[in-house]
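Q: I'd like to learn how to read pockets, cavities and ring contacts off a model. Could you take me through them one by one?

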Amino acid sequence: MSNIGNKVVYQVYPKSFKDSNGDGIGDLQGIVEKLPYLAKLGIDYLWINPIFPSPQRDNGYDISDYCAIDPIFGNMRDFEELVAKAADLKIGIMMDMVFNHTSVAHEWFQKALAGDKKYQDYYLLRPKKADGSAPTNWRSKFGGSAWAAFGSGNLDYLHLYDVSQADLNWRNPAVILELEHVLKFWLAKGVKGFRFDVINVVGKDQQLIDDPNAGDGKEMYTDKAIVHNYLQKINQDVFTEHENILTVGELSSTTIENAIAYTKPDRHELSMAFSFHHLKVDYDNGNKWTKIPYDFRQLRQILQQWGEGLSDGDGWPAWFWNNHDQPRAINRFITDPKYHRLGAQMLAATIHLNRGTPYVYMGEEIGMTDPDFHSINDYVDVESHNAYDALLAQGKTTEEAFAIIKSKSRDNARIPMQWNTDNYGGFSTHQPWLANGNYNNINVEKDVKDPNGLFHFYQRLITLRKQESVIVKGDYQAVFNDVPEVIAFTRHYQNQTLLVINHFGEAATSLDLADKILGGKILLANYPDAKITHHLIIRPYETLAIKY
C-alpha cells in the first residue's frame, strides 16, 4: 500500500478533457498536452476513466478488451508517452478497472455464447423460472430486470447495470486469474494506481435467490464477506511486488464498518474507499430521479459520522464532491450563482482539509457548472434517457421530467473541459461529442490569470496538504454541531490542532471560539479580511482554517 496521506488525485473524463486531433472526442494526446497544467495545480495522481476498447454503450464502462486502448483515444504508444511524461512531472497514472462486468462484445462473452463451457462459467448464467420469468426479482441499476436472455435457450445472464454489461463470476478462480493478469499488464506499463469500479458488488452468492423484501435486490449482493477475501488475494498476488500502488474502491451503498474493513492498512485490501451517501441528500425518499433542495442536516450528519467513524476505526476515505457520475456540486449546494466562487472554495476546503484523500474532478478547480441544455436530445447518457422515459411513464409532464434530468444527469459532469473562449471552449476544433457549457464566462485561461481565482485556491489547498502534518495525519472530530448551516471539525496530531469551519448558508451566523484558539494562525480563508475573534461572525459560504 502507498503512503497516501499527502496525495491529491485529479480525475479526467478522457472523452471530454482535450481533443488533439479535431474529431470532437478527447484523447490521450490531449491529456499529454495538458500535463503541465495539471503539474501546476500540484496533483499527484491522474485517474483516467476507462480508455479500453468498448462499444461505448455506457461511455467506456462496457469493456470489450482490458489490455488495449480504444482507437477513439489513440493507441498504446500514446498511452506509454502519457505515463512517461506524467512520471517526469511526478504524476502517477491511475487506471479505471471495471471488473464487475464486461461488455457482451468481449471475447469471453462471445465465446460463452458460442457454447464454450469454460467461458460460460466466466459469467453468471442461471435458468429461467418455471413460468419463464427471470431467475430472480433483482432490478438493474439502469432500470428493468437485472437479467437478460443468454442466446436462444433457457438461460439468462445477470447484468446489474446496462443489458450490454454482463456480470462476471468471481467465484470462478479462472476469472480472478484473468483480472490479475490485466492488473499486471498495466503495472508493467508503469501505471501507479487503480480505481475499482463498483468493486463491492462482485461477491454474489453461489445460489442467487429473490429479494425477499421485493426490493431491487442490492442487499443480496452488496458488501458480501467474500469480497474482502477477493481483495486480499489480489493484493497478495499482484501488489506486494510493487511499491506505492494506490487503490481506491467505488463502494456502492456501503457502510462505515465495511469501508473500514476494506481500507484498514493491516487488512491489505484497498488504500481508500469512495462512498456516496453524502451525495444522496437531494434524493427524495432515496430516489435519485427527483428534484428537491438538499438536506443540510443530513449532509452534516453523514460527513461527520463517516469522518469520525473512519478516523476511530483506522479506515481511509477518498473524499470528493464531483465525478463523472454526478451533477456539479456547485449547482447542488450553492443556490445563488453570485456565491458560486465563495461556495466552491468552501466546498473544496471541506474535503481538502479533511482526514482522507481529496479528489478533484476536471473543471472543478475553475468552478465549472452544469450546462443549460434545453432538450432531452442534448443528453447522450443512456441512464438519463432511460430515466426520462421512466418519468414520463410515471405520469410526469415533459417539463417535469426534463427538469429532473437537467438537475441529476451524469452528462452534467461530462461536458467538455472549458479551456478558453475559442470555439468549443478550446476543447476541440470540431463540434464535440457532447454539447459545451458556459465557457465564455468560466474557463481555465480566465481563472488562472485571476490571482483570486479558484485555481489558485486549489493550489493553496494542495500545497497545504504537503506542508502540514496535521492535515495528513490528524484525527477527525466534529465540533459546533449546534450552529446552523456550519460543518466544522478539528484535526489533532501530536501537539498541533487544526480547526476547520465551513458555512453552507447565505445568512450570517456566529460561534464562540475558546481562548486557546485566539492566538492561532489562519492557514486558509476565502475572505481576505478574515480574523480570529472570540465571537466569530461567519459570513455567506465562508471557510476558515485555524491552526493552534
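A: Sure, and let's begin with terms: helices are DSSP runs of H or I with at least four residues, and they are numbered from the N terminus. Keep in mind that this is a predicted model.

Q: With that in hand, which helix gives the most to the lining of the largest cavity?
A: That's α11, with three residues. Helix α11 spans 340–352, and together with α10 it makes up the elements that give two or more residues to this lining.

Q: How do you find such a space to begin with, and how many cavities of 30 Å³ or more does the search give?
A: The general idea: rolling a probe the size of a water molecule over the atoms shows where empty space is left. Here, searching the whole structure turns up three cavities of 30 Å³ or more, and the largest cavity holds about 110 Å³ of space.

Q: Which residues line the largest cavity, and how do they split by class?
A: Among them are W321, R328, I330, L347, E364, M368 and Y458. By class, the lining has eight nonpolar, two polar and two charged residues.

Q: Now the open spaces. What volume does the largest pocket have?
A: About 1,300 Å³. It is lined by 39 residues, and the closest to the pocket centre are K141, F142, K288, W289 and E383. Helix α12, residues 382–393, gives the most to that lining, with five residues.

Q: What is the make-up of the largest pocket's lining by class?
A: You get twelve nonpolar, 14 polar and 13 charged residues.

Q: And what about the second largest pocket: how much space lies in it, and which residues lie nearest its centre?
A: The space is about 500 Å³. Of the 19 residues lining this pocket, K291, N331, R332, D370 and S407 lie nearest the centre. Two elements give two or more residues to the lining, α10 (329–333) and α13 (398–408). Helix α13 gives the most, with four residues. As for class, this lining counts seven nonpolar, five polar and seven charged residues.

Q: On to the rings. How should I describe an aromatic pair, and how many does the structure hold?
A: A pair of aromatic rings is described by the distance of the centres and the angle of the planes. The structure holds 35 aromatic pairs. Take Y13 and W433: their rings are 6.4 Å apart centre to centre with 40 degrees between the planes, which is a tilted pair.

Q: Where do Y13 and W433 sit along the chain?
A: In distant parts of it, 420 residues apart. Y13 is in the loop between β1 (9–12) and α1 (28–33), while W433 is in the loop between α14 (411–414) and α15 (444–449).

Q: Are those two rings buried or exposed?
A: The cut-off to remember is that buried means under 20% relative accessible area. Y13 has 1% relative accessibility, so Y13 counts as buried. W433 is at 17%, so W433 counts as buried too.

Q: Which other pair could I practise on?
A: Try W170 and Y230, a tilted pair with 5.2 Å between centres and 50 degrees between planes. This pair also links distant parts of the chain, 60 residues apart: W170 is in the loop between β8 (165–167) and α6 (173–188), and Y230 is in helix α7, residues 226–238. W170 is buried, with a relative accessible area of 3%, and Y230 counts as buried at 7%.

Q: What lies over the face of W433?
A: K15 does, at 4.0 Å from the ring centre. For another case, look at K34, which lies over the face of W419 at 4.2 Å from the ring centre.

Q: How do I read the nonpolar cores, and how many residues has the largest one?
A: In soluble globular proteins, nonpolar side chains tend to be buried together. In this model the largest nonpolar core has 157 residues, and Y10, F79, W186, F194 and Y359 have the most contacts inside it. Another core lies apart from that one, with 16 residues, including A488, I501, L513 and I517. As for ring clusters, F79, W186 and F194 are also among the members of one aromatic cluster, which includes F52, Y66 and F239.

Q: Last one, on the backbone: what is phi of N285, and is N285 buried or exposed?
A: Phi is near 60 degrees, a positive value in a residue other than glycine. N285 lies in the loop between β11 (272–274) and α9 (296–313), and is exposed, with a relative accessible area of 79%.

Terms used: Residues numbered from 1 in each chain as written. Predicted model: local features only at pLDDT ≥ 70, side-chain atom pairs only at ≥ 80, totals over all residues. Heavy atoms only, no water. 1 Å grid on protein atoms, 1.4 Å probe; cavity = no way out; pocket = protein on both sides within 12 Å on 5 of 7 lines; lining within 4 Å. Points joined across faces, edges and corners; volume = space filled by probe spheres on them. Nonpolar A, V, L, I, M, F, W, Y, C, P; charged D, E, K, R; others polar. Phe/Tyr/Trp six-rings, centres within 6.5 Å; stacked < 30°, edge-to-face > 60°. Buried < 20%, exposed > 50% of the residue type's maximum accessible area, 1.4 Å probe, protein only. Lys NZ or Arg CZ within 6 Å of the ring centre and 35° of its normal. Core = buried A, V, L, I, M, F, W, Y, C linked by side-chain atoms within 4.5 Å.
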